[in-house]
Amino acid sequence: MINNEIYLRRKRKIWIERHDCKRNSNATYIGALLKNLESLGYCLSEELIEILYTFSGKELDIFLNDLISNLKNMLGASVSYHPMYPNFPEQVMELSDAELYLNAIIHYLTDGKILPSYETEERETENLWQKQKVISYGTKEEFAQMMTDLILAKSSISETDQKDLEWYLLHEPNLLEQIPREIPFHEIKAFVCNVLLKRLKIAKQEEQERETALVSEILFCYLTTATDVLRLATVSSGGDSSLAVPVKFRQFNRRERRMLLFLLENCKNLTEDMKRYRERFIKLGERLHPGEYYDRYPKTENAFFQLRNGIKISTFAGKIEEYFTTYQLEPLLQSLKKRPGEFARRLDRLMRTFEKEWDIILKEFEVIADKIATPLLLQIRTHFLKRFKKDTIKERIFFPKGNLAKAHIEESVLPELEEECCRQIVQILEETLIKIYSKREPMGKVYVAPEFCDYLVPFSQRSSSRAFRTVVRGSKLSISEETDFLRVFLYWHDGTERTDIDLAAVVLDEKFVWMDHISYTNLKSRKISACHSGDIVAAPKGASEFIDIGLQSAQKAGARYIIFTVNAYTQEPFCNLPECFMGYMERHSEWNEKYIGQRGKLYEPRTVKNKIDLTANTRICVPMTIDLLERKLVWMDMALKHMPSFNCVENNAHGIIATCKALLHCERPNLKELLTLHIKARGEEVTEKTEADLCFDLEDGITPFDTEIFLSEYL
């Protein structure tokens, strides 16, 4: 089965059934459809138009309504935008500070019930011709492969990916015979298993016996460690498969208890694995009652007994730590070779601890390098590429597990390593990656667009927000040369009570020094061409705010970075709101230092470049940053953890600047580097798209936004 909302959003494709009949007189209907699509910046491929000629008028109406509705939701065009000052930006720039202040005070004192009353003036037409994005005809096979790629991803997938995948797992008729019997990433294993168990509950009675046998076989293939089983129990109880946050386990029925105990009984290194999450397994044991099934699952009951009674359990990690503290290199290396992934993660510490024996360490590491997961090899390669450089940024950024994009920033205190040592490590890693990639299918002649160096490898999409275009955090999107100013928009609805969401921007210079800000406390900048549409503090029927930034003016004034933030001033986090999203438009108008964007409609869907749904359990979001010097937009999608009692951009300055600085300078591999390794292993690079068998481009072939393909096929 195909869900065209998913297909359209992920691939800009749809599937419709071909009719074996003559062409109908549908030119008028189809013309109206194309005109509607044109207003949103889209058009249909020739193949789709030909199929639509065989549709009846009623079928065309259904198709039109579904397609337009999906596109409007993607772009944020499904709502009406009514800012405080309807003739923004000119109106804000011309009103006196006194009038702006009095309007705000009256609005605040009435809890948002009274807004200033101004007649909406007719806006001048802006020439918004832009190249239309083509919606192509898709296939059932490609849709199924897209979902399979998500299942086979070698790193975490986002909540949006999970929802798309869940729909497919529940609705695909012949899924259980087709689904891969091996899944590389443990979190996805648990997620898939939980959805398959849901599928059993809704299966038709005549299919129950067959599907139960197949699901049992799949669970036994997937869940091979105690942590895998813990993840399944956690997900089925409404928790997160990353195990970032403890969950209260639900009551399991007798059949479910036997299934979980059976899976645990067949796990290797059971007791050691369970000790890693001792408290959670004890809580799980209270739900499973393993003592009732001692005769069937003695190993599992014994493991729970040891955990409950605090019996000392010897672990791999404990032995490794002992070898480090007692400087026993030989047994340390022999132990780490048994677990190559642990060897890789501890390589930097090994080189620092045994600096005189690094040639021995590298010799042993080279032996087991090809047994390490490729995502880890890539990350370690990037780490050592600049590990020895003294001018490397001194702040490090970490992304904790869980559903929130809460970065942890700390000063880098690692001692230096010899340059030659780092170079040898990088060489081993590159040779190993090329060796692994060479075993995959040949790529032929490959074209890779130069812009791919601006897009990062999607190692972890766990906390990524749902967006019109899925972008990996830290990636850079070019701003077209025709763009005079960026218009950023915010829209939200009240939650259970009055909700005040604020859009703001911080202006920094080359050295990340604060120059200015645009927010509800400063509607118009005195230093650059930038202004705010006015602060609305209640949204019972929906509310919107805008910020215009004149790019040329800001750069002339000495600005380098402009960081956008969204703050929930009231107590409700974004996840509790029925609707909250923001995005940005690239706009063009005759340049005017005073009025940067008066031409054209306030909101124009054709110019929307990206839109992000704000759904994190937080009250501060940093969605993006403009780098004026490079003329690129850096995708942040970050949520700040600490929040002052007076939630405004000025009080959040330290966290905002630190997050921006760390993310801009963090070292992570980009897609160009990844694809270069693949080409060395199994392809030939060409400089012209017309010569290529396989094309990686921003619009043609595989794009940087096809994250599921990179997660499954190229990591």
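Which residues is T618 in contact with, leaving aside its neighbours within four places in sequence? They are P573, F574, A639 and L640, where contact means heavy atoms within 4.5 Å.

## Basis of the model

This is a predicted model, in which local features need pLDDT of at least 70 and side-chain atom pairs count only at pLDDT 80 or more, while totals for chains, interfaces and linings use all residues. Residues are numbered from 1 along each chain as its sequence is written, and side-chain values use heavy atoms, with hydrogens and water left out.

## Overall architecture

The secondary structure of the protein comprises 27 helices and 19 strands; these are DSSP runs, with helices being H or I of at least four residues and strands being E of at least two, numbered from the N terminus. The radius of gyration is 28 Å, close to the 27 Å given by the globule rule for 715 residues, so the protein is as compact as a globular protein of that length. Here the radius is taken over C-alpha atoms, and the globule rule is 2.2 Å times the number of residues to the power 0.38. Along the principal axes, the C-alpha atoms fill a box of roughly 80 × 70 × 60 Å.

Of the 715 residues, 55% count as buried. Buried means under 20% relative accessible area, exposed over 50%, and partly exposed in between, with a 1.4 Å probe and protein chains only. The protein exposes about 33,100 Å², of which carbon and sulfur atoms supply 49%; accessible areas come from the Shrake-Rupley method with a 1.4 Å probe, and for residues only the protein chains shown count as cover. Among contacts with a separation of 6 or more, 77% are accounted for by residues 24 or more positions apart.

## Nonpolar cores

A nonpolar core is a set of buried Ala, Val, Leu, Ile, Met, Phe, Trp, Tyr and Cys residues joined through side-chain atoms within 4.5 Å. The largest such core has 206 residues, and L44, V192, F281, L350, F365, F696 and Y714 touch the most other members. Helix α23 (residues 419–437) gives the most to this core, with nine residues. Apart from the largest core lies another, of 18 residues, which includes L508, F512, I620 and M638.

F365 touches F343, A344, L347, I372, I428 and L429, not counting residues up to four places away in sequence.

## Helix α18

In helix α18 (residues 329–338), the residues L329, L332, L333, S335 and L336 are buried. Seen down the helix axis, the buried residues of α18 fall within an arc of 165 degrees, so they line one face of the helix; the arc is that of the directions from the helix axis to the C-beta atoms. These buried residues pack against α17 (316–325), α19 (340–345), α20 (347–353) and α21 (358–368).

## Individual residues

The following table lists location and relative accessibility.

| Residue | Location | Relative accessibility and class |
|---|---|---|
| N610 | strand β15 (residues 608–613) | 0%, buried |
| T374 | helix α22 (residues 374–385) | 7%, buried |
| T618 | loop between β15 and β16 (620–627) | 8%, buried |
| G31 | helix α2 (residues 27–40) | 36%, partly exposed |
| K319 | helix α17 | 42%, partly exposed |

The side chain of N610 reaches two backbone nitrogens through polar contacts, that of F468 at 3.4 Å and that of R469 at 2.9 Å. A polar contact is a pair of N or O atoms within 3.5 Å; within protein, one must be able to donate a hydrogen and the other to accept it, and residues adjacent in sequence count only if both atoms are side-chain atoms. Not counting residues up to four places away in sequence, N610 touches A467, F468, R469, V471, G583, Y584 and W635.

For T618, a polar atom of the side chain lies 3.5 Å from the backbone nitrogen of I620. I620 is also among the members of the core of 18 residues.

T374 is in contact with K154, L433, I436, Y437, R440 and L715, leaving aside its neighbours within four places in sequence. The C-alpha atoms of T374 and I436 are separated by 8.2 Å, with the two residues 62 apart along the chain.

Two further C-alpha separations concern the partly exposed residues. K319 and K363, 44 residues apart along the chain, are separated by 22 Å. G31 and I218 are 187 residues apart in sequence and 49 Å apart in space.
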